[in-house]
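I opened this notebook to keep track of what I looked up in the structure, in the order in which I looked it up.

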Amino acid sequence: MAGFQNSKGKSVLLKMVKGIQENKAYLGEIDGLIGDGDHGMNMNKGFTLFEKRYADKDLGFTEGLYELGSILFTEIGGSMGPIYGTVFMDTASAGENLEEITVKDLADMLAAGLDGLEEIVEARVGDKTLMDTISPAVDSLLESAESGRGFDEALPRMKEAARKGRDSTKDMVAKFGRASRLGERSRGALDAAAVSCCIILENMADGILEMLLP
Amino acid sequence: MQRILNDPDNIVDEMLEGFLKAHTDLVEKTEHSRVVKAKGIKTDKVGVVTGGGSGHKPAFIGYLGENMCDAVAVGEIFSSPTADAFLQAFKAADQGQGVACLYGNYSGDNMNVKMAAKMAAKQGITVKTVVANDDVASAPKEQREKRRGVAGEILMWKAGGARAALGGTLDEVIESAQKAIDHTRSVGIGLSSCTLPAVGHPNFEIKDGTMEVGIGHHGEPGIAVCPLETAAEMAGRMVDVIVPDYPFTAGDEIVALVSGLGATPMMELYVVYNEVEKLLQEKGIKIYKAYVGNYFTSLEMMGVTLSIMKLDDELKELIDMPVNTMGLKQI
């Protein structure tokens, strides 16, 4: 399986938006267990703003991903705005000149997004944050690229890695964010951003797979 | 939840509308709905900007006015303002001599200010920052850069704002504000939790009959949870945390700032201040100026913070400057 056309990637972004919208209440619920309870609300606000603003405009994958990141960064605020904003903008920037995006390209782009994230946050894998979802997902995609897998094999593997990462946050003790105040008591609940990150990556993968259907 | 609300999701906007209507002599709105500026900013000075999440009244917009802050970026409750709001605040405050952004050390604010400063640079506005880290309980002394900013920020704005009003250059304003926060130490004690209106249940828990020493302005964990004590014992704990950290010693002249966290009656703040004064006097530390009131709150949290700043001639001059804001008036 070859790559997908960057210019046709708007459907992938809309799939990601839908994923967040459908999970707004769920994300709020999980966040409410050990955090502020506003994660679903904030994410939904940013993603929906993007959807409305670009409803009638043609957008490529990287172009749109950059705009989505920029909206989150400049208009959502808090910590999630800059965090997801950086991931999306850096991921998009790394692929902005590509006409066709291959597994290797997507892996390198997401790795650039992860690099950008590591520059602005101290959290690493094991700290019960979205890092636990995105990091193994990127590793999986990089490994698939090296092994020469196509999207049809690489993306299901990436989704599996993201889900495992998300679930791993359940048994962790939070070291960052509002949940860190609970210490040991944060164990047993998923990290809300690790969950939203998984929703985003899974929908990105599904969107790409749908686009590549014959 | 016993609170005075319309739609909890609109509380920040409705609060801003009310604030702008009530203080027409001090503040005015800008093109950005989450940026408020001081009225009649002098045109020949460095701009002074701050910002942060809502729920800390009078901070942050309550310190807009002559000789203090020029523009403020306003966030959702306990959540950093956007990078765009900070950028627009920089633009509202800039008079061509640059902008000093004086804010507290929180990850969201750090990220958004950094991004906004980058965007401002592209538009020809120089922004320099001072990041307040006066909260002694939030990290050990060796990791001072990790400490959060709390009520000591008021003294930083006072010093930086006064320096800007005196015609200081951007570097001089930054230097004075940095000096103020470097010479300031704070600590808080929490007696009850607080509730974000849109969430509806307490943000964390402090059990009846207990108190948390070193609690942060959003309920960040403190250094000790212990049974509720007398005002004298609480004052002792706070003095014991901050005095050796700086350290403040006999002969020092200081500013003491006692702030309620939102739900503490003013009379109790004076009871605490009385005890603090006795303890400092015993140590030979002289209180040059005292502020007692609800200066930096956390919604309806019950509790108190103590901030102490060591003075020199420069800081005395800056602290003595008159100021006219909603949160602080000084003739």
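Entry 1, burial in chain B. Before counting, I fixed the term: a residue is buried if 20 or more other C-beta atoms lie within 10 Å of its own, with the C-beta atoms placed from the backbone. On that count I find that 57% of the 331 residues of chain B are buried. I keep in mind throughout that this is a predicted model.

Entry 2, confidence. I looked up the predictor's own scores next, and for chain B the mean pLDDT is 96, with 100% of its residues at 70 or more. For the complex I note an ipTM of 0.74 and a pTM of 0.89, both as given by the predictor.

Entry 3, the fold and extent of chain B. I count eight helices and 14 strands in the secondary structure of chain B. Taken along the principal axes, its C-alpha atoms fill a box of roughly 55 × 50 × 35 Å. I then asked what radius of gyration a compact globule with 331 residues would have, and the value is near 20 Å, so the 19 Å of chain B agrees with it. Looking at contacts in chain B with a separation of 6 or more, I find that 72% of them come from residues 24 or more positions apart.

Entry 4, chain A. Turning to the other chain, I find nine helices and two strands in chain A, and reading along the sequence I write its pattern as β-α-α-α-α-α-β-α-α-α-α. The radius of gyration of chain A is 16 Å, close to the 17 Å that the globule rule gives for 214 residues, so I record chain A as being as compact as a globular protein of that length. Its C-alpha trace spans about 50 × 40 × 30 Å along the principal axes. Of the 214 residues in chain A, 57% are buried, and among its contacts with a separation of 6 or more, residues 24 or more positions apart account for 69%.

Entry 5, where the chains meet. How many residues of chain A are in contact with chain B? I find 15 residues of chain A in contact with 21 residues of chain B. On the chain A side of this contact, the elements that give two or more residues are α4 (61–75) and α5 (80–93) of chain A, and α4(A) gives the most, with three residues. Sorting the side of chain A that touches chain B by class, I get four nonpolar, seven polar and four charged residues.

Key. Residues numbered from 1 in each chain as written. Chains lettered and ligands numbered in written order. Predicted model: local features only at pLDDT ≥ 70, side-chain atom pairs only at ≥ 80, totals over all residues. Contact = placed C-beta atoms within 7 Å. Nonpolar A, V, L, I, M, F, W, Y, C, P; charged D, E, K, R; others polar. pLDDT = per-residue confidence, 0-100. Rg over C-alpha atoms; globule rule 2.2 N^0.38 Å. Buried ≥ 20, exposed ≤ 12 C-beta atoms within 10 Å, placed from the backbone.
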